[in-house]
Amino acid sequence: MNKALRTALELSLFLAIALSTPARAEDFDQLKATTPSQRAAAQTGYMKSHLALTDAQMPKIAAINQKYAEQMEPVIKSADGGLGKMLEAKAIQENKDAELQRILTPDQFERFASSKDEMREAVKRVLLKD
């Protein structure tokens, strides 16, 4: 494969991932001062109010949010940047989504998936209100 074609493919891959990845570099920087428990609690609170979680779903959703907030901690705190960090965050989020999909109803999961940007902003507002 010639160098120009390889560079074009790498750039295309980077743009596809960067544009489809919900996590952005500034999100990581803003969240460095928060704990996994704070992030998980904020996510769970948002999900409870916007997805009408049942009493049976709440502890399961809280546990999933806590588990993945802890997995995301080294990514958030890492001094590394760029594509590697975004790919790691995307992989963690995809695993989390798969677990959430098993707990949420199809309607709840659809609402969750379509409101990820809104949820990210709402959680940041809660966590960064100080």
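**Core packing and salt bridges in a predicted model**

Leucine 53 is in contact with Met47, Lys48, Met58, Ile61, Leu104 and Gln108, leaving aside residues up to four places away in sequence. The structure described here is a predicted model. Leu53 is also among the residues with the most contacts inside the largest nonpolar core, a set that further includes Met47, Leu100, Leu104 and Phe112. This core comprises 23 residues. Two or more residues are given to this core by each of α3 (36–51), α4, α5 (82–103), α6 (106–114) and α7 (116–127). Helix α4 supplies the largest share of the core, namely seven residues.

Helix α4 spans residues 57–77 and contains 21 residues. From its first C-alpha to its last, α4 reaches 30 Å, close to the 30 Å expected at 1.5 Å a residue. A bend of about 30 degrees is nevertheless found in α4 at glutamine 71, and proline 74 follows within four residues. The buried residues of α4 are Gln57, Met58, Ile61, Ile64, Asn65, Tyr68, Ala69, Met72, Glu73, Val75 and Ile76. Two of these residues, Met58 and Ile61, are among those touched by Leu53. Another buried residue of α4, Glu73, takes part in a network of salt bridges that links it with Arg39 and Lys77.

In helix α6, the buried residues are Gln108, Phe109 and Phe112. These residues line one face of the helix, because they fall within an arc of 95 degrees when α6 is seen down its axis. The face turned away from this buried side carries the exposed residues Pro106, Glu110 and Ser114. The cover over the buried residues of α6 includes α3, α4, α5 and α7. Of the buried residues of α6, Phe112 is listed with those having the most contacts inside the largest nonpolar core, while Gln108 is touched by Leu53.

Charged side chains were examined next. Side chains of opposite charge can pair when their charged atoms come close. The structure holds eight salt bridges in total. One of them joins glutamate 94 to lysine 90, with 3.1 Å between the closest N and O atoms. Both residues belong to helix α5, where they lie four residues apart, about one turn of the helix. Glutamate 94 counts as partly exposed because its relative accessibility is 45%. Lysine 90, at 22% relative accessibility, likewise counts as partly exposed.

A further salt bridge is formed between the side chains of lysine 116 and aspartate 97, at 2.3 Å from N to O. This pair links distant parts of the chain, with lysine 116 in helix α7 and aspartate 97 in helix α5, 19 residues apart. Aspartate 97 has a relative accessible area of 12% and is therefore buried.

Within helix α7, the side chains of lysine 124 and glutamate 121 meet in a salt bridge of 3.4 Å, N to O. Because the two residues are three places apart in α7, about one helical turn separates them. The partners have unlike accessibility classes: lysine 124 counts as buried at 9% relative accessibility, whereas glutamate 121, at 29%, counts as partly exposed.

Technical notes. Residues are numbered from 1 along each chain as its sequence is written. This is a predicted model: local features need pLDDT of at least 70, side-chain atom pairs count only at pLDDT 80 or more; totals for chains, interfaces and linings use all residues. Side-chain values use heavy atoms; hydrogens and water are left out. The expected span of a helix is 1.5 Å times one less than its number of residues. The bend at a residue is the angle between axes fitted to the seven residues ending there and the seven starting there. Buried means under 20% relative accessible area, exposed over 50%, partly exposed in between (1.4 Å probe, protein chains only). A nonpolar core is a set of buried Ala, Val, Leu, Ile, Met, Phe, Trp, Tyr and Cys residues joined through side-chain atoms within 4.5 Å. Contact means heavy atoms within 4.5 Å. A salt bridge is a side-chain nitrogen of Lys or Arg within 4 Å of a carboxyl oxygen of Asp or Glu. The arc is that of the directions from the helix axis to the C-beta atoms.
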